[in-house]
Amino acid sequence: MTPESDETKSSPNFIRDIIQKDISEHKHQHIITRFPPEPNGYLHVGHAKSICLNFGIAEDFKGDCNLRFDDTNPEKEEQEYIDSIREDIEWLGFHWKTNPSASDYFDQLYDYAVRLIKLGLAYVDSQNADETRNNRGTLTEAGKNSPFRDRSIEENLQLFEDMKNDKFSDGEYVLRAKIDMASPNIKMRDPVIYRIRHATHHNTGDKWCIYPMYDFTHCLSDMIEGITHSLCTLEFEDHRPLYDWILDKLETPCHPQQIEFARLQIKYTLTSKRLLNQLVQEKIVDGWNDPRMPTISGMRRRGFTPESIKTFSDIIGVTKKNSTIEMGVLENCLREDLNARATRRMAVLHPLKVIIENYPENEVEMITGKNHPQNPEFGTREIPFSREIYIEQEDFMEDAPRKFFRLSAGREVRLRFAYYITCKEVIKNDDGTIRELICTYDPESKGGQSPDGRKVKGTIHWVSAEHSTTTTVQLYDRLFNVENPSKLKELHQALNPESLIIIKNSKLEPAIDCERQPLAYQFERLGYFIADLNSSNESPVFNRTMTLRDSWAKIEKEQSRS
RNA sequence: UGGGCCGUCGCCAAGCGGUAAGGCACUAGGUUUUGAUCCUAGCAUGCGUAGGUUCGAAUCCUGCCGGCCCAGCCA
């Protein structure tokens, strides 16, 4: 392995170790993994971890990864979700070898079920759902055999065929694997493998009225595709004996290895399709792609980059330990990527008018600003400067503490790339709020340096009033104010009322493009911002992707505490 | 309570019998026309706990404690 290829590969983990060993021992020559979502919702960060794992392994071991829709429950699945899943995976930058659906295998699956019956290892049960549950036993007590467990193979064959041929109504019969009703592993107590469901399937239409269950479908689908390593989350550990049992009894040509890893949990957020769906259905958020959602589409709309999500998935690791990662880790990955790649611009979120009284009235001059402070390849742009400008309300304080490096009465500050200004007068409204500032500028300080070399500690951003664009800005924060919202009885209990703040009257410098771009801007000193999907030059809307690190906020908080 | 799995720094996480990597967070400095970035330093005599094996244990053994998952005709 060359050092170069080393860099592009992902971090080692126990699953990669297993695969590496299998290759060394010539157990496999070509690795095939799969990402198998059920198309019943949108993909979220938790899925991203699995996608990066499965597709990443395929890339690094020069194998393949299939995208397989696990679509065995027609009542929950829709084409809309299929489309979004494909879009999200492609956006992340991964490519699948093939994109089958479990429903493509329904004929084969049916044949395998028949084979299991012929082997005397499956039977048609006439118990209803309640009876089945009551006879399953408990965690500590064995279950009871179904009174229909010993039907003849012929009778089972006939009943199963009748099930398929629409002779019965939903719930009347099920096909069960004949394993052991006394197994300490409840998953092995004669699991249902086929049920009757009169529903139109998005892929197979009305061809079928019986549908195979997950446990029967998954192992066989993996086997059909020649998957070598079937990676899934920890809650399926108890299913593995069943996965293996089915493949063993059917003596299939190959036997994929199921390996389980811990699912991703992030503090203050949800990684459960069911609960995310609830947020959407109850209109707590604006849809699956609401920028506050931890869905791939929400994150994309918010301004996350695929690279940051991949880096995150890589550094959090893959283990069997349930853990909850801090949001800060994801945020750091985003900031790291955006800091290197985002073009700098100036914008004022909460404008405060500043009149520079000694600047000529109708004059406009162009100021040159770097598009990136460290990287000259980004070039420069011209920024108009004039007598009336806007600065951030937060950047002025009438009587400021010693450590406040910004503008205050009588003090001097640098306007980024432009001039030094000194505050001469504060004009107030009748209610005492500040209306505007009268300042003077030092013509000698053009570009932000003065010939006398005097030190000006503070530098603030600004925008020429006349040349600015007015925009709406949406600020986002965590949706919940509790660490583990999935434990909540009621999601409403812990909603963060400030998860979305809309600012109507923010000002942008002219060089900002208000049509959606692939990469966020950095608005200097404020954070990373990206035009929303609905933004246009006529009515601009920017989403704050992420704030900058803010050590001043920390100092401020400490000061107010003491 | 039967079965399965898991406990290494505040949060992740390497480690696989030879004397505790790394990241995030945090703390203290330095550079800086973004209080950003960047740089430098600090941050587990300790690996859930109690014993045992060994010249040597986070790594092996035993007991205990704690956490997660399983009783859908969902996936």
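Start at helix α3: 15 of its 16 residues are buried, so α3 is largely enclosed by the rest of the structure. Buried means under 20% relative accessible area, exposed means over 50%, and partly exposed lies in between (1.4 Å probe, protein chains only). Helices (H or I, at least four residues) and strands (E, at least two) are DSSP runs, numbered from the N terminus.

This is a predicted model, in which local features need pLDDT of at least 70 and side-chain atom pairs count only at pLDDT 80 or more, while totals for chains, interfaces and linings use all residues. Residues are numbered from 1 along each chain as its sequence is written, chains are lettered from A and ligands numbered from 1 in the order in which they are written, and side-chain values use heavy atoms, with hydrogens and water left out.

**Helix α3**

Select residues 45–60 to see the whole of α3. The helix reaches 21 Å from its first C-alpha to its last, close to the 22 Å expected at 1.5 Å a residue. That expected span is 1.5 Å times one less than the number of residues. Now step past the end of the helix to Lys 62, whose phi is positive, near 55°.

**Salt bridges**

Next, turn to charged pairs. The structure holds 36 salt bridges. Each is a side-chain nitrogen of Lys or Arg within 4 Å of a carboxyl oxygen of Asp or Glu.

Select Arg 176 and Asp 125, whose side chains meet in a salt bridge (3.1 Å, N to O). Arg 176 lies in strand β4 (residues 174–177) and Asp 125 in strand β3 (residues 122–125), so the pair ties together parts 51 residues apart in sequence. Both Arg 176 and Asp 125 are buried.

Move to Glu 307 and Arg 341, another salt bridge (3.2 Å, N to O). Glu 307 sits in helix α12 (residues 306–315) and Arg 341 in helix α13 (residues 327–341), 34 residues apart. Glu 307 is partly exposed, at 36% relative accessibility. Arg 341 is partly exposed too, at 32%.

Then pick Asp 442 and Arg 454, which pair at 2.9 Å, N to O. Both lie in the loop between β17 (434–441) and β18 (459–460), so their salt bridge ties together parts twelve residues apart in sequence. Asp 442 counts as buried at 16% relative accessibility, whereas Arg 454 is partly exposed at 28%.

For a network, select Arg 34, Arg 68, Asp 222 and Glu 225: salt bridges that share partners join them into one.

**RNA strand B**

Now show RNA strand B. How many residues surround it? There are 66, and the closest are Thr 72, Lys 321, Arg 416, Gly 447 and Arg 549. A residue is near the strand if one of its heavy atoms lies within 4 Å of it.

Colour this surface by class: 19 residues are nonpolar, 23 polar and 24 charged. Here Ala, Val, Leu, Ile, Met, Phe, Trp, Tyr, Cys and Pro count as nonpolar, Asp, Glu, Lys and Arg as charged, and the others, Gly among them, as polar.

Look at the RNA side as well. Of the strand B atoms within 4 Å of the protein, 66% belong to sugar or phosphate and the rest to bases.

Zoom in on Asp 70, where a polar side-chain atom lies 3.2 Å from a sugar or linking oxygen of RNA strand B. Lys 187 also places a polar side-chain atom 3.2 Å from a sugar or linking oxygen of the strand. At Thr 324, a backbone N or O atom lies 2.9 Å from a phosphate oxygen of RNA strand B.

Finish with the elements that give two or more residues to this surface: α6 (129–134), β5 (192–196), α13 and α14 (551–561). Which of them gives the most? Select α13, which gives four residues.

Terms used. A polar contact is a pair of N or O atoms within 3.5 Å; within protein, one must be able to donate a hydrogen and the other to accept it, and residues adjacent in sequence count only if both atoms are side-chain atoms.
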